[in-house]
Amino acid sequence: MTALAEPTSPSREEIRAWMERARRRRRMRQSGLALLMLSPSLVIFAVFVFYPFFRNFQLAFYRTPPFPGLPKQWAGVDQITDVLGSAAFRNSVWVTVKFAVLTVPVGIALGLVLAVLAHQRLRGITVYRTIFSSTVATSVAVASVVFLTLLNPQIGLVNYYLGREGAQSLLQDPTWALPMVALVTIWQNLGFTFILMSAALQAIPDEMLEAAEVDGAGPTRRFLRVTIPLLSPTIFFAFVVGTISAWQAFGQIDLLTQGGPGGSHGATNTLTYFVFTDFFERQNEGTAAVLSIALFFIVLGLTLLQLRYFERRVHYER
Amino acid sequence: MGSVVLEEVTKRFGDTVAVDDLSLEVRDEEFLVLVGPSGCGKSTALRMIAGLDDPTDGVVRIDGRIVNHVEPKDRDVAMVFQDYALYPHMTVRRNVEFPLRTRSMDRDERQRVVTEAAETLGLGEFLDRKPAQLSGGQRQRVALARAIVRRPEAFLMDEPLSNLDAKLRVATRTELVELQRRLGTTVVYVTHDQVEAMTMGSRIAILNEGALEQIGPPPEIYRRPASVFVARFIGSPPMNTAAGPVRGEPGALRVVLPGGEIALTPHDSRTVAGSGCSEIVVGIRPEHVTVNDAKDGATADGAAGDASGIPASVLSVEALGYERHVICRLDDGTTMIARISTDGPEPPAHSAVRLGFDTARLHFFDPATTRRIDG
């Protein structure tokens, strides 16, 4: 019988090295698994977001030939300065700014008012809650068609009540076209804003408002000093999301005015709609690319500005 | 400072009666505790005093004035809520001065009052923090500070200690009573905790199913509970109760309990005979029950006892260190708890014992009305 070799106990350093190796193996295995699980969404993002995004920058540097089939010409930054310096671009940015200013604050204010009204504990209040939130279930197309009918010069109720039957539709009036489109947008978004504000209102403990009531605050003071600050994160969220969606508004404009009246300098020719017509009607993918890049940076800049300057006034404490 | 009076107040929510014909007087500078199990209407009663709920019927008076139709803000009461209801977006200072701002007190005066309140409650260093940065106990103090800056007619407190941990709760109990004495204000304090009620209240009002069972100073409530409900609600472990028919001569009555009889004292005999009840509910506090050996009647802690007690079997023994609770069962399944000292051997579980009652300390209740029978 041979004596078994005395097993040498590993040194402290050996143990440490061994554990380090094991840890590294485990980390590799875990990140491998993570990548595997992320890959489906990575592929989808790559195909539909990352590739088009970077391809857009490339397109922006080439002039699209007047006839299909001719070779594209390298234009460098010339095309970019041309487009950004054009009156049509300035018009569409200005139109979109007006559109956002008309839709976002009014939409939030209305949603908040309706949410506060529907927050009462009254018999049959759920009927109102359903009505107020119902526009969530309608599509932009449905909303547009409803208002298109209302604003129809011959059969529309709006012209009838304004006593201008047969006169041109407000949608063809350079002054009123944008406010009308904004109106449809506000109406369409109201359900979402209402639900958002209602949910936030419900999250405010009743005790907090009752405490304020006992402490001597009337309804206005309670609303301004307690409710509004406690809603501020939601209002801020609605503001940021609303601004982004205003800059991306498309459906209602396409259905109601096609950017007009006024062609490419149209009163409702918002930036997104301008990109659309540039590409699909004028088939100029180069200028459309420049416009869409401009849109991207404007929205990015606005959002950063809002985060920087407004978020300081938001109370997240609970 | 003022008194708070409820006169025949009823509050219904749809078909449920939350408060049922409640009449109650909270005297000036009194610490009155409203106590009862959950759903007994105590919080609703408090909310009606605050003006947060309107009574369906009856009158609420504060300092003599009928306030039924007075807005909460004009009632001059301050309320401390269970979850404190601090405004999370305001600093402690802003929270405390909120009631002063609504009264448009000028800046210097406000500053002075807030500083004073903060000093009283030891909040000086926290004035510029937000509630989220404070511990539960500190938040509770902020809620108190917000109430005291007003110098209101009355403080209304709705279970203000229930979110504190056990140790802090005991300490705060004493501080609250001390604070009330110093400020000399009327306090209406709602709790479900009978220990809080007994230790804090100058008087206790016990509510059950919306109605007042009894109101009085804590010792009186404990010594002379007005109903079976009060007898079993106040005291831990609760009072033992058992029902049985009454037998014997008017001067020497006996109550027949499962497995045995209790001979009443001559005084009690007269009382019970006077009530005319042929059956009666007997109540006895656990500290007035002795656990005796089933055969020789010796008490658990060794003293010679009587062999005449009621037979029972021991279910379990809870040793609390300073005393023991012996949980027993009578022949018919009625549970009886004896509170005995920790001297001597512990009665083993499932053993047969005889329970001795201190017959001078019995309570009697009418089984029909559950009210106390008094001589």
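A residue is called buried if its relative accessible area is under 20%, exposed if it is over 50%, and partly exposed in between, with a 1.4 Å probe and protein chains only. The structure is a predicted model, in which local features need pLDDT of at least 70 and side-chain atom pairs count only at pLDDT 80 or more, while totals for chains, interfaces and linings use all residues. Residues are numbered from 1 along each chain as its sequence is written, chains are lettered from A and ligands numbered from 1 in the order in which they are written, and side-chain values use heavy atoms, with hydrogens and water left out.

**Exercise 1.** Find out how strand β9 of chain B is enclosed, and which strands pair with it.

*Solution.* Strands (E, at least two residues) and helices (H or I, at least four) are DSSP runs numbered from the N terminus, and two strands pair if DSSP finds at least two bridges between them.

- Step 1: Strand β9 of chain B covers residues 203-208, and 6 of its 6 residues are buried, so the strand is largely enclosed by the rest of the structure.
- Step 2: On one face of β9(B) lie B:Arg203, B:Ala205 and B:Leu207, on the other B:Ile204, B:Ile206 and B:Asn208, and all of them are buried.
- Step 3: Strand β3 (residues 31-35) of chain B pairs with β9(B) in the parallel sense over 4 bridges, and here B:Leu32 stands opposite B:Arg203.
- Step 4: Strand β10 (residues 211-216) of chain B pairs with β9(B) in the antiparallel sense over 5 bridges, with B:Gly216 opposite B:Ile204.
- Step 5: β9(B) and β10(B) form a hairpin with 2 residues between them, and B:Glu209 in the turn has a positive phi of about 50 degrees.

**Exercise 2.** Work out the strand order of the open sheet of 5 strands in chain B, and then place B:His325.

*Solution.*

- Step 1: The order is β15-β19-β16-β17-β18, and the pairing is antiparallel.
- Step 2: β15 (289-293) and β18 (335-340) of chain B each have a single partner strand, so one side of each of these edge strands is left without a neighbour in the sheet.
- Step 3: Within the sheet, β16 (residues 310-319) and β19 (residues 352-357) of chain B are joined by 4 bridges, and B:Ser313 has B:Ala352 as its bridge partner in β19(B).
- Step 4: B:His325 is found in β17 (residues 324-330) of chain B and is buried, with a relative accessible area of 8%.
- Step 5: Leaving aside neighbours within four places in sequence, the residues in contact (heavy atoms within 4.5 Å) with B:His325 include B:Pro237, B:Ser316 and B:Ile337.

**Exercise 3.** Describe how chain A and chain B meet, beginning with the residues in contact and ending with a salt bridge.

*Solution.*

- Step 1: In chain A, 19 residues are in contact with 28 residues of chain B.
- Step 2: The buried area, which is the accessible area (1.4 Å probe) that two parts lose on being put together, summed over both, is about 2,000 Å², and carbon and sulfur atoms give 62% of it.
- Step 3: In chain A, A:Glu207, A:Val214 and A:Asp215 lose the most area to chain B, together 34% of what that side buries.
- Step 4: Between the chains the count is 3 salt bridges, a salt bridge being a side-chain nitrogen of Lys or Arg within 4 Å of a carboxyl oxygen of Asp or Glu.
- Step 5: One salt bridge joins the side chains of A:Asp215 and B:Arg150 (3.5 Å, N to O).
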